[in-house]
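Please open the model in your viewer and keep the selection tool at hand, since the tour goes from one selection to the next.

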Amino acid sequence: MEELDVEPAITNIPAASDGKHLGFAWGPGDILAYETLYKASSGAKGSGCSFIHEVRKDEDIYSPILRKLFNESHHIFVGLQTIKEDLPSKNKKPQFVSISKNYRSVIRACMEELQQVAVSTKDAKVAMQYGNQVSILLAIELIWNLAEVLFIDSAPAGSLLLHLLDWVRLHKADVDEKATEVLQSESPAEHKDYWDVVLSYVMQGRLEESRQMLVKQATLHPAPRSMYKLMDTLLSKMPFYNPGGNQTLTEYDVKWRHWHEEVDRCLQDNSFASNKHLEIICRILVGDEDTLLEHKELLGTWYHFLVTRLLFSHPTVQPTELHYYAQSCMTMFLDSRSVPEPLDNILLAAFEFDIHQVIKECSIALNNWWFVAHLTDLLDHCKLLQSHNVHFGSNLREFLLLEYASGLFTHHSLWQLAVDYFDHCPDLGRVYLELQIERVPLNTERKALKVLRICEQRQMSEQVRSICKIMAMRALKNNRLGSALSWSIRAKDAAFATLISERFLQDYCARGTFSDLDLIDNLGPAMLLSDRLTFLGKYREFHRLYGEKRFGEAAKLLLSLMTAKIAPRSFWMTLLTDALPLLEQKEVIFSAGQTYELMFCLEELTSSLSSVAPATDGTMQDEDIEQTKVELLRLALARNLAMAIVKEGTVST
């Protein structure tokens, strides 16, 4: 696509008066702007503005009603991606048309809800905001419906006009409201809008409704009844193409021409000269352009004029001929001094079958990427965009989906939808997801687990580690050691697991009990992540064995923690102290060899402590306590050694 040929919209930032300097910071989807204290040369100091302005690229994602549009369309999008590529195009076409209608039904439902809120609200500003959103959605649905007819369904001649008639009727619903008002009046035939309703019905090809309205006029004025009867006959005889019937397009064309000639004869014969309203209807039926243009206010738009003109002058129009009629109708209908609106240019590009121009014009005119992203994706599945690539790394479909999904990631809940869009962008989707997922604020543990699950499902190991580290650090700051350890194990971060294990041991030394026993008891293979974590798990196992009075196993485990150098040297005194109750048991638990090893560990510990610099007065009391412990341990070890030697000697003899 070529560069944009329009000037970007200007956003006015409040309180940023002329001559003030603004600083700004880019965010993932927004910009923060703030006033600075910059002075050119005087160096004078002044007070700065206390406000920071947030400039949002896409305001619509913050509308609670439009969020329903994003959520519902996401389900349709995911369903579309599941259609198998190997199916023949003939079989896929009905599925694509059905999906297109699903998208349109979501747009229409959202539009109706917005209208209800706009009518019911008492806040004029809110009502105007919702009114603007309704207008945008109306335009979106109008464009999508036309794209469905021309590109997705690709209706052939004959059927094409029928689809265009449905398109116009759907988007010109004010006729029915006016008709209801007329019919509910005391005398419908004398109502001021009666003939407007009749003409509108005729111009929309709703001839059955127009005949029913004319009956009321014929009943009121019996004198010219024959004239009304003739008009009724002409209206009833107008042929419409039936795609499912046996009639060929050529046969239908011959039949339509005969009818057209009959209407023309009635006009030439002045059959309706005495009734100007019926004569106007007759002129419309023969496709008189001047008469149609005289009733611009009833047609409303140039594309309604186009469809009415085709209905009464060229009902078998070929798709390739549409652009000629569309251009001429727009030129005839619009004032020569007026500039076509963006919607006019988009519809004209559609009638010209210039899909890429439609997408480009919509991208410029609309305030978010929702419409162009989903329509382009559907058209790409229909194999209508294969030949078009853009110059920034991916095809057009992927580029628009990436832009749309990136916008969703700035929202606190819609970011979850964006993940699926990135998943279905094969070239750059994963790269974008990796960058965006790191920007999701992890406000709660529940949200962190959601993000983590997404990363784990996609084997995004770097992001998994990053999230786990963040959550582990946060839990540690809040002194939630169990949660911190759980996150560090999940991150497979040995250094952090060691740090938290140290905190657990310090906590135990201070309080005499372990917190988060369930977690420590069920570490399993995870305890092998670091030596300190292994020690924590095994030390807790020692306490469990001791509690279950399995003293032999407990003693063996305690000794192995020290001799295998798994326990940190700073914790040896605690372990030796834990051995005291086992040494004091009536039954000998430690063998002579095990007692020698404990004595060796005690001597090694005391020799290392004696080599430390002399203590200050503040720690003299602690030293006395430690010395008392050492003496008690030596006594207990000596007593246990004597008992063990006696026991082992007795057994051997």
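Rings of Phe, Tyr and Trp, the last taken by its six-membered ring, count as a pair if their centres lie within 6.5 Å. With that in mind, and remembering that this is a predicted model, begin by selecting Phe70, Phe77, Tyr404 and Tyr421, which form one aromatic cluster. Across the structure there are 20 aromatic pairs, and two of the pairs are visited next.

Select Trp167 and Phe351, whose ring centres are 6.0 Å apart and whose planes stand at 75°, so that the pair is edge-to-face. Colouring the helices helps here: Trp167 belongs to helix α4 (residues 159-170) and Phe351 to helix α15 (residues 342-351), so the pair ties together parts that are 184 residues apart in sequence. Are these two rings buried or exposed? With a surface displayed, Trp167 counts as buried at 1% relative accessibility, and Phe351 is likewise buried, its relative accessible area being 0%.

Move on to Trp369 and Phe399, where the ring centres lie 6.3 Å apart and the planes are at 80°, so this pair too is edge-to-face. Trp369 sits in the loop between α16 (355-365) and α17 (370-381), while Phe399 is in helix α18 (residues 396-408), and the pair links distant parts of the chain, 30 residues apart. Here the surface view shows Trp369 as partly exposed, with a relative accessible area of 25%, and Phe399 as partly exposed at 21% relative accessibility.

Next, centre the view on Lys447, which is placed in helix α21 (residues 445-457). Its relative accessible area is 11%, and because anything under 20% counts as buried, Lys447 is classed as buried. Which residues does Lys447 contact, leaving aside its neighbours within four places in sequence? Select His412, Trp415, Val440 and Pro441 to display these contacts of Lys447.

For the last stop, show helix α27 (residues 551-563) together with helix α28 (residues 572-583), whose axes come within 11 Å and cross at roughly 160°. Angles over 145 degrees count as roughly antiparallel, and α27 and α28 are therefore roughly antiparallel to each other; their crossing is left-handed. To inspect the contact itself, select Phe551, Ala555, Leu558 and Met562 in α27, which meet Trp572, Leu575, Leu576, Asp578, Ala579 and Leu582 in α28. Coloured by class, the contact of α27 with α28 has 9 nonpolar residues, no polar residues and 1 charged residue.

Conventions. Residues numbered from 1 in each chain as written. Predicted model: local features only at pLDDT ≥ 70, side-chain atom pairs only at ≥ 80, totals over all residues. Heavy atoms only, no water. Axes fitted to C-alpha atoms, helices over the stretch in contact; angles between N-to-C directions. Helix = DSSP H or I, 4+ residues; strand = E, 2+ residues; numbered from the N terminus. Parallel < 35°, antiparallel > 145°, perpendicular 65-115°, else oblique. Left-handed = near helix turned anticlockwise from the far one by under 90°. Contact = heavy atoms within 4.5 Å. Nonpolar A, V, L, I, M, F, W, Y, C, P; charged D, E, K, R; others polar. Phe/Tyr/Trp six-rings, centres within 6.5 Å; stacked < 30°, edge-to-face > 60°. Buried < 20%, exposed > 50% of the residue type's maximum accessible area, 1.4 Å probe, protein only.
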